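User: Could you take a close look at one part of this model for me? I'd like to understand how its sheets are put together and what packs against them.

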Amino acid sequence: MRLGVLDVGSNTVHLLVVDAHSGARPLPAYSHKAELRLAELLDADGAISTEGVDRLAATVAEAVQVSEDQGVEDLLPFATSAVREAPNAEHVLTRVADETGVKLDVLSGEDEARLTFLAARRWFGWSSGQLLLLDIGGGSLEIAYGQDEEPDAAVSLPLGAGRLTGAWLPGDPPGPDDVRALRRHVRAEIARVAGEFNRFNPPDHVVATSKTFRQLARIGGAARSAEGPYVKRQLSRSSLEEWVPRLAAMPAAERAELPGVSEGRARQLLAGALVAEGALDLFRVREVDICPWALREGVILRRLDHLRRA
């Protein structure tokens with residue numbers, strides 16, 4: 001069966017089409033992305049603006065047309081922190097449903113962490129033992145830990161790269177005082193939950209997902225995406241410690257010239273690096289392996305599990 005997962009995130013609206021077969025991994029068949037940046041389309045109260053709602057509805061309608069063109073039989077639409085935390089979320093969901101016929105499933109932060117953990121567990125397998133997962137999105141940071149497919153602990157923190165850039169780093173490049181203030185904020189937020197994870201045994205394997213981690217690994221020397229998903233890619237804490245001050249001194253246009261960094265994500269790369277560095281430091285991790293599967297794949301895997309049980 002051909003499945004489609006429609007991910008309405010803080011940065012992009014991403015339609016991933018896969019061919020699913022019982023007992024086999026889902027095979028990517030088509031990908032359609034639109035840079036919407038909902039996190040930047042908020043009014044003074046944090047609600048998604050009229051322009052943002054209009055653009056979201058149009059973008060979802062376009063994705064639905066693409067899914068039909070690609071022969072998708074089952075569309076799994078969901079939204080994450082940008083919609084979840086908007087004061088006018090109900091209005092946004094109603095507008096999208098009325099204009100497109102799509103009823104977005106709003107995932108909680110814990111659901112995001114659990115589904116992403118499932119994807120990482122399936123990718124790396126049982127040999128990873130106790131697994132610690134880190135995921136930096138546009139609106140939030142997800143952390144999960146466990147030995148099984150359901151994590152023993154899963155949390156979501158409001159430390160997304162897009163959110164932090166807009167709230168804490170107004171300059172281009174940002175001022176040193178702003179960078180230091182954000183660094184303090186990030187580490188204080190992570191430290192509040194670190195004890196919940198540190199009470200477990202040290203992880204056997206630490207993995208990271210998301211565009212932010214992939215870009216940070218790439219500028220640190222990891223293989224290009226063109227070399228395929230099976231090439232091992234890693235990001236070390238020492239690399240982050242080297243790159244954070246360099247990124248802080250660069251304007252966004254200069255960051256966009258770094259290998260693997262897109263123009264649309266260049267401005268928020270520093271905030272993402274500060275979150276990554278803080279997480280690795282506070283969890284006492286020297287390096288992470290980059291996982292090519294993340295939340296979208298977790299949603300697909302959960303759906304396939306339900307179909308098999310049915």
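Analyst: Happy to help; here is a walk through the two sheets and the helices that touch them. Please keep in mind that this is a predicted model.

Let's begin with the five-stranded sheet. It is open, its strands follow the order β3-β2-β1-β4-β5, and the pairing is mixed. The edges are taken by β3 (27-35) and β5 (105-106), each of which pairs on one side only. Helix α1 (residues 50-69) packs on this sheet, where it touches β1 (2-8), β2 (12-19), β3 and β4. The direction of α1 makes about 155° with that of β3.

Strand β4 (residues 74-79) deserves a closer look. On one side, β1 and β4 pair in the parallel sense over six bridges. One residue pair to find on your screen is Val8 with its bridge partner Ala79 in β4. Ala79 also has a bridge partner in β5, namely Val106. The pairing of β4 with β5 is parallel too, and it runs over two bridges. Within it, Phe78 has Asp105 of β5 as its bridge partner. As for accessibility, β4 is mostly covered, with five of its six residues buried.

Helix α12 (residues 295-309) belongs to this picture as well. Its buried residues pack against β1, β2, β4 and α4 (109-124). Those buried residues are Leu295, Glu297, Gly298, Val299, Ile300, Leu301, Leu304 and Asp305, so you will find Glu and Asp side by side with Leu, Val and Ile in that list. The helix has 15 residues and reaches 21 Å from its first C-alpha to its last, close to the 21 Å expected at 1.5 Å a residue.

Now for the second sheet. This one is open with six strands, in the order β8-β7-β6-β9-β11-β10, and its pairing is mixed. At the edges stand β8 (153-157) and β10 (234-236); each has a single partner strand, so one side of each is left without a neighbour in the sheet. Direction ignored, neighbouring strands here are turned by 25° against each other on average. Further in, strand β9 (residues 205-209) and strand β11 (residues 287-290) pair in the parallel sense over two bridges. There, the bridge partner of Val207 is Asp289 in β11.

Two helices lie across this sheet. Helix α6 lies across β6 (131-136), β7 (141-146) and β8, and runs at about 175° to β8. Helix α11 lies across β6, β7, β10 and β11, at about 160° to β6.

These two helices also meet each other. The axes of α6 (residues 176-198) and α11 (residues 269-282) come within 9 Å and cross at roughly 40°, and the crossing is right-handed. On the α6 side, the contact is made by Val179, Leu182, Arg183, Val186, Arg187, Ile190, Ala191 and Asn198. From α11 come Leu270, Ala271, Leu274, Val275, Glu277, Gly278, Ala279, Asp281 and Leu282. Sorted by type, the residues of this contact are eleven nonpolar, two polar and four charged.

Key
Residues are numbered from 1 along each chain as its sequence is written. This is a predicted model: local features need pLDDT of at least 70, side-chain atom pairs count only at pLDDT 80 or more; totals for chains, interfaces and linings use all residues. Side-chain values use heavy atoms; hydrogens and water are left out. Axes are lines fitted to C-alpha atoms, for helices over the stretch in contact, and angles run from 0 to 180 degrees between N-to-C directions. Helices (H or I, at least four residues) and strands (E, at least two) are DSSP runs, numbered from the N terminus. A crossing is left-handed if the near helix is turned anticlockwise from the far one by less than a right angle, and right-handed if clockwise. Contact means heavy atoms within 4.5 Å. Ala, Val, Leu, Ile, Met, Phe, Trp, Tyr, Cys and Pro count as nonpolar, Asp, Glu, Lys and Arg as charged, and the others, Gly among them, as polar. Two strands pair if DSSP finds at least two bridges between them. The expected span of a helix is 1.5 Å times one less than its number of residues. Buried means under 20% relative accessible area, exposed over 50%, partly exposed in between (1.4 Å probe, protein chains only).
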